[in-house]
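Visitor: I am new to reading protein models. Could you show me one and explain the words used for it?
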Amino acid sequence: MVATNDTPVEIPLLETLSPSRASDYKTCPQLYKFKAIDKIPTEPTTYQARGTTAHLALERLFMLPAADRTPARLYDLFREAWAELKPAEYPDLFDDVEAERSWGIESLQLLADYFSMEDPASFEPLELEMDLTVDIGDMAIRGILDRMEEVVETDSRGNERSVLVITDYKTGKAPPERYASQAFFALKIYALMIRVTRGVTPDRVRLLYLNGPTEYTMDVSDKQLDAMEGQLKALWKAINDAITSGRWPARTSALCDWCDFKATLCPAWNDVEGNPLGG
Ligand code: SF4
């Protein structure tokens with residue numbers, strides 16, 4: 001039996017951890033608790049709907065022959081994916097047809113911008129939507145990696161080399177560059193998972209923000225991944241300690257403005273009755 005913030009409740013210790021939940025705990029333990037322990041459902045938003053639909057469309061784009069990976073085909077795939085996802089996952093997202101149409105036009109603009117960041121006909125991904133569960137020491141890490149590919153690069157002396165890249169799409173706006181290293185946290189965990197399962201170290205991680213568009217890349221090394229493994233072990237222990245003690249501090253930062261719980265449940269911003277503090 002362990003204590004929580006309110007009443008003692010039995011909570012099992014960690015069995016698996018995903019890179020995104022690890023990232024949540026690192027950002028704010030209270031945020032992790034809301035999502036992973038309390039499993040508080042959040043209202044689906046137009047941003048989430050766009051993200052899920054665009055991911056599915058991009059996955060399907062790479063299943064086509066290279067010559068068919070055109071903007072027009074990607075727009076069709078987006079429309080088809082939306083027609084599939086909407087009835088079950090987002091039936092009441094829009095108040096009227098006009099709002100849905102504007103959302104669709106904005107979404108297609110984002111997909112058009114995708115083609116300014118890369119030419120999807122110029123390479124064949126090694127993996128798409130890769131479902132990974134990896135034991136690292138005593139930890140089980142589970143997550144879905146958007147894409148992995150090998151690309152050939154030519155250096156300034158004209159020498160060619162193969163580069164293993166793992167790529168994550170984002171449909172939200174890119175954070176300012178000073179926060180980019182935080183955004184790479186989850187991707188570096190994926191790089192570690194690839195090293196453990198495949199025995200090769202990815203050379204690079206890459207974040208493609210369709211809204212902008214903005215691309216951030218970071219070269220990775222074994223030394224960095226060794227450090228990430230140490231960090232992950234420390235996080236795993238910290239989460240188990242928090243489950244045992246019931247202490248989930250709310251760590252406020254600029255990222256609170258993007259948090260679903262700021263306006264309602266977060267004790268750093270609201271009183272016990274859910275009214276804004278200082279309001
Ligand atoms: S609003 Fe900020 S402090 Fe509160 S849970 Fe979210 S990230 Fe944590």
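Visitor: Why are helix 3 and helix 4 called oblique to each other?
Guide: This is a predicted model. In it, helix 3 (residues 46–61) packs against helix 4 (residues 71–89) at an angle of about 130°. Their axes are 8 Å apart. Roughly perpendicular covers 65 to 115 degrees, and roughly antiparallel starts over 145. The angle of about 130° fits neither range, so the pair is oblique. The crossing is right-handed.

Visitor: Which residues of helix 3 and helix 4 meet?
Guide: From helix 3, they include Thr52, Ala57 and Leu61. From helix 4, they include Arg73, Phe78 and Leu85.

Visitor: What does helix 3 lie across?
Guide: Helix 3 lies across strand 1, strand 2, strand 3 and strand 4. It runs at about 150° to strand 3. That angle is over 145, so the two count as roughly antiparallel.

Visitor: What makes strand 1 and strand 5 edge strands?
Guide: Each pairs on one side only. The open sheet has five strands, in the order 1-2-3-4-5, with mixed pairing. From one strand to the next, the twist averages 35°.

Visitor: How do you know that strand 1 and strand 2 pair?
Guide: Pairing needs at least two bridges. Strand 1 and strand 2 have ten, in the antiparallel sense, so they pair. In one of these bridges, Glu127 has Met148 of strand 2 as its partner.

Visitor: Which helix gives the most to the largest nonpolar core?
Guide: The core has 47 residues. Helix 7 (residues 185–198) gives the most, with eight residues. Ala57, Phe78 and Ile189 are among the members that touch the most others.

Note on methods
Residues are numbered from 1 along each chain as its sequence is written. This is a predicted model: local features need pLDDT of at least 70, side-chain atom pairs count only at pLDDT 80 or more; totals for chains, interfaces and linings use all residues. A nonpolar core is a set of buried Ala, Val, Leu, Ile, Met, Phe, Trp, Tyr and Cys residues joined through C-beta atoms within 7 Å. A residue is buried if 20 or more other C-beta atoms lie within 10 Å of its own, exposed if 12 or fewer, and partly exposed in between; C-beta atoms are placed from the backbone. Helices (H or I, at least four residues) and strands (E, at least two) are DSSP runs, numbered from the N terminus. Axes are lines fitted to C-alpha atoms, for helices over the stretch in contact, and angles run from 0 to 180 degrees between N-to-C directions. Two residues are in contact if their C-beta atoms, placed from the backbone, lie within 7 Å. A crossing is left-handed if the near helix is turned anticlockwise from the far one by less than a right angle, and right-handed if clockwise.
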